[in-house]
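Subject: Structure handover

Hello,

Here is the structure we spoke about handing over. Please have it open while you read the notes.

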Amino acid sequence: GASRELPRINLRTRWVDRLLAGVRSRSYEPARLGFHQAQAGASGGDRFVMKLVIIGGAGFRVPQVMAAVAASGPVDEVVLVDTDARRLQVMAAVLQQQDLGRRLRVSVSGSLPDALGGASFIFRAIRVGGTAARVADERVALELGVLGQETTGPGGLAYAWRTIPVMLDIAQTVRRVAPEA
């Protein structure tokens, strides 16, 4: 049969448009929108900032995420946190070369509790066990005669079994340090 083109929906743009409309009209409660109050500026007025923490901040997709964040508008600060300090420093150097197009403070941290202080939103992009674990998961699946993939089948189960305990630890830390995020 004839193929039909589905309409494209850009949810990020709709969310950002709604958020910015509220900010422009001042008919919002900043804390409910993910902003927290910074220290008063030189003018003495209220200043609200939005801080995003990216757990797994040394991942190869971070430059694309940062480009989208910089283009979206409301985020003022991004903290990249990762367990691999060497890759985190490499990512910081890559991002320094990236044209983020606006004022956006970017910092790195090896400590999740330190990174979470004042967080508005948290984005998690971790692969527990790294690429080596993914390769092992997919090979085991193939050896069993099924398609190997990191999100479904035997590979997905192995990925979940490794990741769930780490995610529970992360959730407990977020609850303790940044319960409003």
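The notes below go from the overall fold to the central strands, then to one residue and the main pocket.

Fold. Please keep in mind that this is a predicted model. The chain holds six helices and six strands. From the start of the sequence to its end, their order is α-β-β-β-α-β-α-β-α-β-α-α. The chain has 181 residues, and 34% of them count as buried. Taking contacts between residues at least 6 apart in sequence, 71% join residues at least 24 apart.

Strand 3. All five residues of strand 3 are buried. Lys51, Val53 and Ile55 make up one covered side, and Leu52 and Ile54 the other. Strand 3 pairs with two strands in what I looked at. With strand 4 it runs parallel, joined by five bridges. Within that pairing, Leu52 has Val78 as its bridge partner, and Ile55 stands opposite Val81. With strand 6 the pairing is also in the parallel sense, over four bridges; there Val53 is partnered by Ile122.

Strand 4. This strand covers residues 77-81, and five of its five residues are buried. Glu77, Val79 and Val81 lie on one side and Val78 and Leu80 on the other, with both faces covered. Note that Glu77 is among the buried residues. Besides its pairing with strand 3, strand 4 runs parallel to strand 5 (residues 105-109), again joined by five bridges. In that pairing Glu77 stands opposite Arg105.

The connection. Strand 3, helix 2 and strand 4 form a β-α-β unit, and it is right-handed. In helix 2, the buried residues are Val62, Pro63, Met66, Val69, Ala70 and Ser72. After the helix comes Gly73, which has a positive phi near 105°.

Val79. I took one residue of strand 4 for a closer look, namely Val79. Why does Val79 count as buried? Its relative accessibility is 4%, and the cut-off for buried is under 20%. Beyond its neighbours within four places in sequence, Val79 is in contact with Lys51, Leu52, Val53, Ile54, Ser107, Ser109 and Ala115. For Leu52, the separation from Val79 is 27 residues in sequence, while the C-alpha to C-alpha distance is 6.4 Å.

The largest pocket. How much space lies in the largest pocket? The figure is about 820 Å³. The lining consists of 29 residues, and those nearest the centre are Gly56, Asp82, Ala125, Ile126 and Arg127. Two or more lining residues come from each of strand 3 (51-55), helix 2 (62-72), strand 6 (121-124), helix 5 (130-143) and helix 6 (153-177). Helix 6 gives the largest share, three residues. By class, the lining is made up of 15 nonpolar, seven polar and seven charged residues. Strand 3 and helix 2 thus turn up twice in these notes, as parts of the β-α-β unit and as contributors to the pocket lining.

Regards

Notes:
Residues are numbered from 1 along each chain as its sequence is written. This is a predicted model: local features need pLDDT of at least 70, side-chain atom pairs count only at pLDDT 80 or more; totals for chains, interfaces and linings use all residues. Side-chain values use heavy atoms; hydrogens and water are left out. On a 1 Å grid over the protein atoms alone, a cavity is a set of points where a 1.4 Å probe fits but cannot get out, and a pocket is an open set with protein on both sides within 12 Å along at least five of seven lines; lining residues have an atom within 4 Å of a point. Grid points are joined across faces, edges and corners, and a volume is the space filled by probe spheres set on the points. Ala, Val, Leu, Ile, Met, Phe, Trp, Tyr, Cys and Pro count as nonpolar, Asp, Glu, Lys and Arg as charged, and the others, Gly among them, as polar. Buried means under 20% relative accessible area, exposed over 50%, partly exposed in between (1.4 Å probe, protein chains only). Two strands pair if DSSP finds at least two bridges between them. A crossover is right-handed if, with the strands pointing away from the viewer, the path from the first strand over the helix to the second runs clockwise. Contact means heavy atoms within 4.5 Å.
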